[in-house]
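Visitor: Please take me in for a close look at the side-chain contacts in this model, and keep it casual. I'd like to hear which residues pair up and how buried or open they are.

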Amino acid sequence: MDWRKFAQQMASLARDLLAQESVEATLGRITAAATELVEGCDESGILVLSGTKVRSFAPTGQLVVDSDRLQERLEEGPCFDAARTRTGERVYRIPDFTQEQPRWPLYAPQAHDLGVGSMMGFLLYTEDEELGALDLYSRRPGAFTEDSETAGWLLASHAAVALSGARAHAQMDQAIATRHTIGEAMGILMGSRRLTEKQAFDVLRRYSQDHNVKLREVARRVCATGTV
């Protein structure tokens with residue numbers, strides 16, 4: 001593998017990821033990059049676990065979706081394990097699904113039936129949070145080499161940082177939008193009821209607490225209807 005060329009591609013990808021306008025766009029660029037940059041990779045996706053519930057993000061093909069659903073149903077599989085790993089292995093590579101896989105005795109033969117020849121799973125994580133797993137699939141047994149694994153690990157490392165940043169940016173945008181909505185709702189109440197700023201906020205807060213409705217939803221209701 002030409003590592004100098006790969007390094008240049010990764011540098012370009014890092015800039016590209018930072019330029020994405022949403023979390024969804026960032027995820028899509030990550031999985032597309034996997035098929036472009038990792039030798040042997042036919043399909044890619046990101047699997048995120050919530051308990052044992054699997055969510056599939058930015059799959060490049062139906063094979064990824066089917067594999068994720070299979071891992072969720074069986075509660076086993078390399079990417080399922082990668083996404084829930086707290087310590088130990090961060091990378092899983094299964095060279096050949098035509099051979100017996102004692103570690104995933106239920107998943108492996110059924111994945112082969114789906115058309116999976118070989119696959120890799122990489123934990124997407126940063127120092128502060130674990131995000132799920134980047135899944136790389138090939139329809140051919142033996143498609144992934146040591147170089148493929150190294151390239152995938154480097155991609156996953158870049159992807160985790162970019163994804164974490166995109167999430168933080170999205171949360172900040174949401175917080176700003178929520179603050180604006182609350183401020184607008186307070187202004188409406190201050191004008192219609194002749195309240196002070198503190199009194200208007202107290203009206204929103206009490207309604208939120210009494211009716212178990214999030215404050216931003218109360219504010220949206222006021223903005224839409226003029227009253228709580």
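Guide: One definition before we go in: a residue is buried when its relative accessible area is under 20%, exposed when that value is over 50%, and partly exposed in between. Keep in mind, too, that this is a predicted model.

Let's put that scale to work on Glu 72. With a relative accessible area of 22%, Glu 72 counts as partly exposed. Its side chain meets that of Lys 53 in a salt bridge, 3.7 Å from N to O. Lys 53 belongs to strand 2 (residues 53-57) while Glu 72 sits in helix 3 (residues 62-74), so this pair ties together parts that are 19 residues apart in sequence.

Lys 53 also has a job in the strand pairing: Lys 53, in strand 2, is the bridge partner of Ser 50. Strand 1 and strand 2 run antiparallel, and 5 bridges join them. The hairpin they make has 2 residues between the strands, and Gly 51 takes a positive phi near 70° there. How much of strand 1 is buried? Of the 8 residues in strand 1 (residues 43-50), 7 are buried, so the strand is largely enclosed by the rest of the structure.

Back to the charges. Searching the whole structure turns up 10 salt bridges. As a general matter, side chains of opposite charge can pair when their charged atoms come close. One of the bridges here joins the side chains of Arg 29 and Glu 36, at 3.3 Å from N to O. Arg 29 is partly exposed, with a relative accessible area of 22%. There's a network of salt bridges here as well, linking Asp 16, Arg 29 and Glu 36.

Another bridge stays inside a single helix. Arg 220 pairs with Glu 217, and their closest N and O atoms are 2.6 Å apart. Both residues lie in helix 8 (residues 215-225), 3 residues apart, which is about one turn of the helix. Arg 220 is partly exposed at 40% relative accessibility, and Glu 217 is partly exposed too, at 32%.

Now swing over to Arg 93, in strand 3. Arg 93 has a relative accessibility of 25%, so it counts as partly exposed. What does its side chain reach? It gets to the backbone oxygen of Phe 144 at 3.1 Å, and it makes a polar contact with the side chain of Glu 149 at 2.6 Å. Leaving out residues up to four places away in sequence, Arg 93 touches Met 119, Met 120, Phe 144, Thr 145, Glu 146 and Glu 149. As for the backbone, the C-alpha atoms of Arg 93 and Met 119 are 6.0 Å apart, with their positions 26 residues apart along the chain.

Met 120 turns up again around Ser 148. Ser 148 lies in helix 6 (residues 146-193), and it touches Val 38, Glu 39, Met 120 and Ala 143, again not counting residues up to four places away in sequence. The side chain of Ser 148 reaches the backbone oxygen of Glu 39 at 2.9 Å. Is Ser 148 buried or exposed? Its relative accessible area is 1%, so it is buried.

On to the rings. The whole structure gives 3 aromatic pairs. In one of them, the rings of Trp 3 and Phe 6 have centres 5.5 Å apart and planes at 85°, so the pair is edge-to-face. Trp 3 and Phe 6 share helix 1 (residues 3-18), 3 residues apart, or about one turn. Trp 3 is partly exposed at 34% relative accessible area, whereas Phe 6 is buried at 3%. Tyr 92 and Trp 104 form another edge-to-face pair, with 5.9 Å centre to centre and 70° between the planes. This pair links distant parts of the chain: Tyr 92 is in strand 3 (residues 91-94) and Trp 104 is in the loop between strand 3 and helix 5 (107-114), 12 residues apart. Tyr 92 and Trp 104 are both buried.

Last stop, the cysteines. How many disulfides does the structure hold? The count is 0. Cys 41 is buried, with a relative accessible area of 8%, while Cys 223 is partly exposed at 26%.

Technical notes: Residues are numbered from 1 along each chain as its sequence is written. This is a predicted model: local features need pLDDT of at least 70, side-chain atom pairs count only at pLDDT 80 or more; totals for chains, interfaces and linings use all residues. Side-chain values use heavy atoms; hydrogens and water are left out. Helices (H or I, at least four residues) and strands (E, at least two) are DSSP runs, numbered from the N terminus. Buried means under 20% relative accessible area, exposed over 50%, partly exposed in between (1.4 Å probe, protein chains only). A polar contact is a pair of N or O atoms within 3.5 Å; within protein, one must be able to donate a hydrogen and the other to accept it, and residues adjacent in sequence count only if both atoms are side-chain atoms. Contact means heavy atoms within 4.5 Å. Rings of Phe, Tyr and Trp (its six-membered ring) pair if their centres lie within 6.5 Å; planes under 30 degrees apart count as stacked, over 60 as edge-to-face and the rest as tilted. A disulfide is a pair of cysteine sulfur atoms within 2.5 Å. A salt bridge is a side-chain nitrogen of Lys or Arg within 4 Å of a carboxyl oxygen of Asp or Glu. Two strands pair if DSSP finds at least two bridges between them.
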